[in-house]
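Let's take a walk through a structure together. Keep the viewer open as you read, and click on each residue as it comes up.

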Amino acid sequence: MKKSWWKILCVALLVYTFTAGLLWNVPYLPALEETIRNLYFHVCMWFAMMILFTISVINAIRYLRTLDLKYDTYSRQYATSGIVLGILGYTTGAIWMSYTWADPNNPLFESFSALAREPKLIGAAVGLLIYFAYMVLRDSVKDMDQRARISGVYNIFAYAMLFPSLYIVPRLLPSLHPGAEGNPALNTNDVSPEMRIVFYPAVIGWTLLGVWITTLKIRLALLKERKLAK
Amino acid sequence: MRKLKALLLSLALFVVPTLLFAQDGKQSSFGEFMRSSGRIYVVVAVMLTILAGLIIYLVRLDKKISRMEKNEQ
């Protein structure tokens, strides 16, 4: 195994997240109750996704500056892992919301139609769909250099689009999602100190897990490319 | 050697159910601990097992790719 200290750190932080995240005291709030523990899982998915997409766009810019195809592979693989984490964040959010936002007295369909109008949900879906389009665009170009250049430029646009779709537009519209007035989960008035002790390590742990998976995919992709070149 | 390892691992997994004392009259202290606080520790155990499985899978994949990189040179 290559450079394993941060992989060990990743495992340690995740074990800590899973035990402390489930066992430690959390403040009691009506409707949320114990589900606030999802902060260590659902919110971390989005944080990790954001970090991976940032690494992806940095590598896209590095490719455009140097035209070294290695960076294009990095950029692509980080975007893929980011998408996976984004889908997980979206799914877990959907589960969480259906037991906290949904009105149990409403028939399911009406309640769902109210939830489906939630701007944060639509924004997140738009952000992810733009990244899906990145994959479609990449794989539809056959020429390697052209593909790398087009997808590098598109990656910058996709990254720029994340900010309006995830952060700006949902905040302009009435939303049930917490944190619309500031930074959700980072605001010190939002998250109690005992939860922050678990939350920050959890973010680092999940991000490192994403990076670990991505480095494996990059190494495999580079191996394949070298094999093709031979 | 690898077959032996796999065999030992599967044997070790068969031992796991013996830790459970569902119908035992006198509870072991471990069983008591696992049943305390609304049995939340059972959830912790399940989640940690899944995490361990995922990590072991990743570590094996990492080693495999390292071996492939070594063989290449």
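What follows goes from overall confidence to chain B, then the contact between the chains, and finally the inside of chain A.

**How far to trust it**

First things first: this is a predicted model. Its scores are ipTM 0.71 and pTM 0.82. Chain B has an average pLDDT of 79, and 84% of its residues reach at least 70. Within chain B, helix α1 (residues 2–15) has the lowest confidence, with a mean of 77, while helix α3 (residues 40–72) has the highest, at 88. Why bother with such scores? Because where pLDDT is low, the predicted coordinates should not be read in detail.

**Chain B and where the chains touch**

Chain B is easy to describe: three helices and zero strands, giving the pattern α-α-α along the sequence. Of its 73 residues, just 1% count as buried.

How many residues does each chain bring to the contact? Chain A supplies 16 residues and chain B supplies 17. On chain A's side, the elements that give two or more residues are α1 (5–23) and α7 (193–229). Sort that side by class and you get twelve nonpolar, one polar and three charged residues.

**The core of chain A**

Now look inside. The largest nonpolar core has 47 residues, and the ones touching the most other members are A:Cys44, A:Ala48, A:Leu52 and A:Phe199. Helices α1, α2 (42–66), α3 (69–100), α5 (119–140), α6 (144–172) and α7 of chain A each give two or more residues to this core. Which element gives the most? That's α2(A), with 14 residues.

Pick A:Ala48 and see who surrounds it. Beyond the neighbours within four places in sequence, A:Ala48 is in contact with A:Leu85, A:Val203, A:Trp206, A:Thr207 and A:Gly210.

**Two helices crossing**

Next, follow α2(A) to where it meets α6(A). The axes of these two helices come within 9 Å and cross at roughly 140 degrees, and the crossing is left-handed. On the α2(A) side, the residues that take part include A:Phe53, A:Ser56 and A:Ala60, and among their partners in α6(A) are A:Gly152, A:Asn155 and A:Tyr159. By class, the residues of this contact are ten nonpolar, three polar and no charged.

A:Asn155, which sits in helix α6 of chain A, is worth a closer look. Is A:Asn155 buried or exposed? It counts as buried because 28 C-beta neighbours lie inside 10 Å, and the cut-off for buried is 20 or more. Apart from its neighbours within four places in sequence, A:Asn155 is in contact with A:Ser56, A:Val57, A:Ala60, A:Ser75, A:Ala79 and A:Tyr134. Take A:Ala60: it is 95 residues away from A:Asn155 along the chain, yet their C-alpha atoms are separated by 6.7 Å.

**A residue in a loop**

Finally, find A:Leu67 in the loop between α2 and α3 of chain A. Its phi is near 60 degrees, a positive value in a residue other than glycine. A:Leu67 has 13 C-beta neighbours inside 10 Å, so it counts as partly exposed.

Here are those two residues in a table:

| Residue | C-beta neighbours inside 10 Å | Counts as |
|---|---|---|
| A:Asn155 | 28 neighbours | buried |
| A:Leu67 | 13 neighbours | partly exposed |

Conventions:
Residues numbered from 1 in each chain as written. Chains lettered and ligands numbered in written order. Predicted model: local features only at pLDDT ≥ 70, side-chain atom pairs only at ≥ 80, totals over all residues. Contact = placed C-beta atoms within 7 Å. Helix = DSSP H or I, 4+ residues; strand = E, 2+ residues; numbered from the N terminus. Nonpolar A, V, L, I, M, F, W, Y, C, P; charged D, E, K, R; others polar. Core = buried A, V, L, I, M, F, W, Y, C linked by C-beta atoms within 7 Å. Buried ≥ 20, exposed ≤ 12 C-beta atoms within 10 Å, placed from the backbone. Axes fitted to C-alpha atoms, helices over the stretch in contact; angles between N-to-C directions. Left-handed = near helix turned anticlockwise from the far one by under 90°. pLDDT = per-residue confidence, 0-100.
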